[in-house]
Amino acid sequence: MSTAVAHPGADRLSDAEMDRRADVCRKLLASAGELAMEGYSRLDATQPVAMKGPQDFLTETDGKVEEHIRATLAEAFPQDGFLGEETGGTGSARMWVVDPIDGTANFMRGIPHFCISIAFVQDGRSEIGGISNPAVGETYFARRGRGATRNGAAIHVSPTQAFDRAFVEFGWSPRIPNRDYLDKVALVWSLGANVRRSGSGALGLAYVADGRSDAYAELHINSWDCLAGLLLVEEAGGRVNRFLDGEGMTKGNPVLAAAPGVAATLSQVIGVPLDDG
Ligand code: IPD
Ligand code: CA
């Protein structure tokens, strides 16, 4: 599938049409959050867990939440495309990119660090990004050019300058050889940063936007895990890489998002260039 756009910029949405999408996105974060919490409240044998691959879990709730989001968007915006972690989709000039539960491994173990992530992309650029962790009642929202918020209050990336004071989250997945992951982590550690991993790429990025972490990096991640979070970081004053270059939308890419004071060092150390445009 290709997400290339024949005439980028042609037929762009008006502010009113974008407002309507932002409004539906906010409402969906709330209703999908309720659905996720309904599943979270009965994490036992009644909720079977399937494996999609090594260390890649699927619960009934992942499917239910994605179906709810997909159906709501299809009714509200029948012309928009959709790409979801569980049901796939096709690329188009205007599309929604959705992870129904990011941090599924946390979710199924009863760890309240998981979220719903929804991005709206127009002409290869994210315009709306929303992430909600219903277990702790935190909703992050960003609209391009209008800043980033947590539960309605403006957020900003951290002012950290010294790399040896930095908190860096380095995501792991079985898609990258462990040797490569360990080598990069060792390099970051050698410069004195505190490397952590919390099991949700989307929340890891939201925490950079919120100043709770100084950076999030992962050597391969999928678009549904990171597009909403990358917009949050940009709108909160951080630096990011050009994730959508090449086939990032459909096949994934490395991701890097960081507070300005640590971004250049981390980019150099892990070999992921920053977007300098
Ligand atoms: C995963 C999580 C994890 C990240 C992986 C993702 P899932 O998504 O975001 O933190 O390191 O790359 O695949 O399986 O929890 O939806
Ligand atoms: Ca995910």
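Buried area is the accessible area (1.4 Å probe) that two parts lose on being put together, summed over both. The structure is a predicted model, in which local features need pLDDT of at least 70, side-chain atom pairs count only at pLDDT 80 or more, and totals for chains, interfaces and linings use all residues. Residues are numbered from 1 along each chain as its sequence is written.

**Exercise 1.** Describe how domain 1 and domain 2 meet.

*Solution.*
1. Take the bounds, which come from an automatic or database domain assignment: domain 1 is 15-154 and domain 2 is 163-270.
2. Count the residues in contact (heavy atoms within 4.5 Å): domain 1 gives 38 and domain 2 gives 25.
3. Between them the domains bury about 2,400 Å², with 64% of it on carbon and sulfur atoms.
4. On the domain 1 side, His 113, Ile 131 and Tyr 140 lose the most area to domain 2, together 24% of what that side buries.

**Exercise 2.** Find which residues coordinate the calcium ion (ligand 2) and what they link.

*Solution.*
1. List the donors (N, O and S atoms, for Ca within 3.2 Å of the metal; water is not among the atoms): Glu 85 (OE), Asp 99 (OD), Asp 102 (OD) and Asp 225 (OD), at 2.1 to 2.9 Å.
2. Read their spacing along the chain: E-x13-D-x2-D-x122-D.
3. Place two of them: Asp 102 is in strand β5 (residues 94-102) and Asp 225 in helix α6 (residues 223-235), so this pair ties together parts 123 residues apart in sequence. Strands (E, at least two residues) and helices (H or I, at least four) are DSSP runs, numbered from the N terminus.

How values were computed. Chains lettered and ligands numbered in written order. Heavy atoms only, no water. Donors = N, O, S within 2.8 Å, 3.2 Å for Na, K, Ca; no water.
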